[in-house]
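The following exercises are to be worked through with the sequence and the model at hand. Each task is followed by a solution in steps.

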Amino acid sequence: MSEETDRLVEQLLEEPPGPQREQMLARFDDDQREKLLPLLAAGDLVWEAAHSAPPLEDDPVAALLGVVPDPNVQLDGKALFRACQASRVKPTALAARLIARGWKVDASDVFRWQTRAAPDVPPALIKAIAEEVRIDSGRLVSRPQQPRTNLLGLTKEVSATQLFRDLVQRFAKVQRISVEMAESALRQRMLATVHRGDMPDAEQMLASLESLVDTLEGGQESDEDA
Amino acid sequence: MEPQQEVSAAATSTVPQDIGAVFLKHRDAMYGVAHAMLRTDRHHRAEDVISEVMVSILKNPPGSVRNWESFLVRAVQNKVRDLWRSSGYRHEQPVLAEGSPIEGDPLVGDHVEDDLALEVIEAIDRQQTVQKVREVMAELDAWDPQAAYVLWQCKGLERTSQQVADELEVSSSRVRQILSKALTRFRSLLEAKEVKL
């Protein structure tokens with residue numbers, strides 16, 4: 001290939017998909033295109049590899065679903081041990097039930113949760129555990145001694161409002177979860193929004209949360225109507 | 001369109017799956033599909049699509065799902081198309097033929113269902129390929145860290161050769177040369193893993 005062709009190839013390989021790349025590609029003959037297309041496809045795969053799910057703690061959807069571990073809502077190992085004994089559910093059986101519900105856990109995890117601190121257990125999993133050992137999820141949650149200090153000021157401000165507290169109650173009701181877990185989910189969702197780079201003000205955050213709760217309540221009402 | 005309408009009814013396991021658990025398991029595939037579909041769409045964001053899909057599922061949890069990955073991927077694909085239809089957005093690389101069924105279309109035939117099922121399978125296969133890409137990137141990094149870096153920056157993050165050149169304190173033409181070399185090597189590594197390009 002000539003220097004000019006080399007230069008064109010290099011420019012083409014840098015170009016993202018779209019009409020401009022197609023136009024550049026059209027300048028090459030069939031044989032050259034046949035060699036270039038796999039290289040372009042390989043480059044497109046690199047783009048896809050770079051665009052996957054965000055880190056869990058930055059994912060507002062994960063926060064909403066309660067699958068982001070929350071330092072303010074930690075599984076109480078002793079309470080879990082007692083609940084397992086009271087309900088006669090062995091760790092292996094609990095693990096099997098959780099696996100059947102879609103969770104990726106094994107019996108050694110359950111042993112660990114009972115004997116050591118388990119900051120990696122997200123609120124939604126605590127709820128599932130509580131259901132399996134037939135206890136109110138609030139009784140499986142231990143509050144940390146030290147309040148979390150790195151909460152962003154904005155989310156703190158929002159959390160202190162009456163509207164936020166009302167939304168927590170409504171979210172807990174519609175999702176059939178404890179108030180603590182509802183508060184955790186809504187707070188984590190706010191944090192994830194801020195981590196994602198958006199910086200709405202307190203009013204916008206509350207409006208966004210209210211809209212979410214309205215939507216969920218709408219679904220429940222239509223279910224009840226039906 | 002509600003997600004449960006988007007996947008044909010199927011037999012299911014007896015234990016209902018927790019929505020949070022299935023999201024954790026399949027969020028990579030969901031985001032991957034959304035990002036790929038929205039690559040040339042500057043008006044919609046993958047995060048918002050995923051959020052709408054999951055809120056919709058929370059509102060009306062599906063009764064029976066045989067394959068959650070297919071269900072969620074299909075839901076994402078349909079949500080993106082719904083957004084495109086409602087905003088009149090014309091994407092450059094339509095995934096379906098122009099005659100794709102619209103919501104409530106009574107003329108949805110078996111062949112269209114087959115197309116949609118095939119499309120979901122392809123999307124999932126594509127995500128599995130993307131997993132291999134990450135392995136190959138690690139191999140490329142071991143072979144030539146600078147080439148791997150330039151490839152990731154230019155093709156993964158779509159930084160221009162000039163931006164990368166400024167950072168590396170080399171000329172932009174040098175960055176393009178490195179990119180060309182990296183892509184060639186990357187392609188051969190992919191083919192060694194039987195990734196079809």
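**Exercise 1.** Determine what percentage of the residues in chain B is buried, and describe the helices and strands of this chain.

*Solution.* The model is a predicted one.
Step 1. A residue is taken as buried when its relative accessible area is under 20%. Of the 197 residues in chain B, 48% are buried.
Step 2. Chain B contains 8 helices and 0 strands. Along the sequence, the pattern therefore reads α-α-α-α-α-α-α-α.
Step 3. Contacts in chain B between residues at least 6 apart in sequence are considered next; 66% of them join residues at least 24 apart.
Step 4. The area that chain B exposes is about 10200 Å², and 48% of this area is supplied by carbon and sulfur atoms.

**Exercise 2.** State how much area chain B and chain A bury between them, and identify the three residues of chain B that supply more of its part than any other three.

*Solution.* Step 1. The size of an interface is often expressed as the accessible area that is lost when the parts come together.
Step 2. For chain B and chain A, this buried area is about 4700 Å², with 64% of it on carbon and sulfur atoms.
Step 3. Arg39(B), Lys59(B) and Lys155(B) supply 13% of the area that chain B buries against chain A, more than any other three residues.
Step 4. In terms of residues, the contact takes 55 from chain B and 49 from chain A.

**Exercise 3.** Describe the polar links between the two chains, and establish which elements of chain B take part in the contact.

*Solution.* Step 1. Across the interface, 5 salt bridges are found. In one of these, the side chains of Arg27(B) and Asp59(A) meet at 2.8 Å, N to O.
Step 2. Between chain B and chain A, 13 residue pairs are in polar contact.
Step 3. On the side of chain B that touches chain A, two or more residues come from each of α2 (19–37), α3 (46–59), α5 (110–143), α6 (145–156) and α8 (172–192). The largest share, 12 residues, belongs to α2(B).
Step 4. By kind, the residues on this side of chain B are 24 nonpolar, 15 polar and 16 charged.

**Exercise 4.** Is Asp70(A) buried or exposed? Locate this residue and name the partner of its side chain.

*Solution.* Step 1. Asp70(A) lies in the loop between α4 (60–64) and β1 (74–75) of chain A.
Step 2. The relative accessible area of Asp70(A) is 0%, so this residue is buried.
Step 3. Its side chain reaches the backbone nitrogen of Asn72(A) at 2.8 Å.

Key:
Residues numbered from 1 in each chain as written. Chains lettered and ligands numbered in written order. Predicted model: local features only at pLDDT ≥ 70, side-chain atom pairs only at ≥ 80, totals over all residues. Heavy atoms only, no water. Helix = DSSP H or I, 4+ residues; strand = E, 2+ residues; numbered from the N terminus. Buried < 20%, exposed > 50% of the residue type's maximum accessible area, 1.4 Å probe, protein only. Contact = heavy atoms within 4.5 Å. Areas by Shrake-Rupley, 256 points an atom, 1.4 Å probe, with all protein chains shown as cover. Buried area = accessible area lost by both parts, 1.4 Å probe. Salt bridge = Lys/Arg side-chain N within 4 Å of Asp/Glu carboxyl O. Polar contact = N/O pair within 3.5 Å; in protein donor to acceptor, adjacent residues only side chain to side chain. Nonpolar A, V, L, I, M, F, W, Y, C, P; charged D, E, K, R; others polar.
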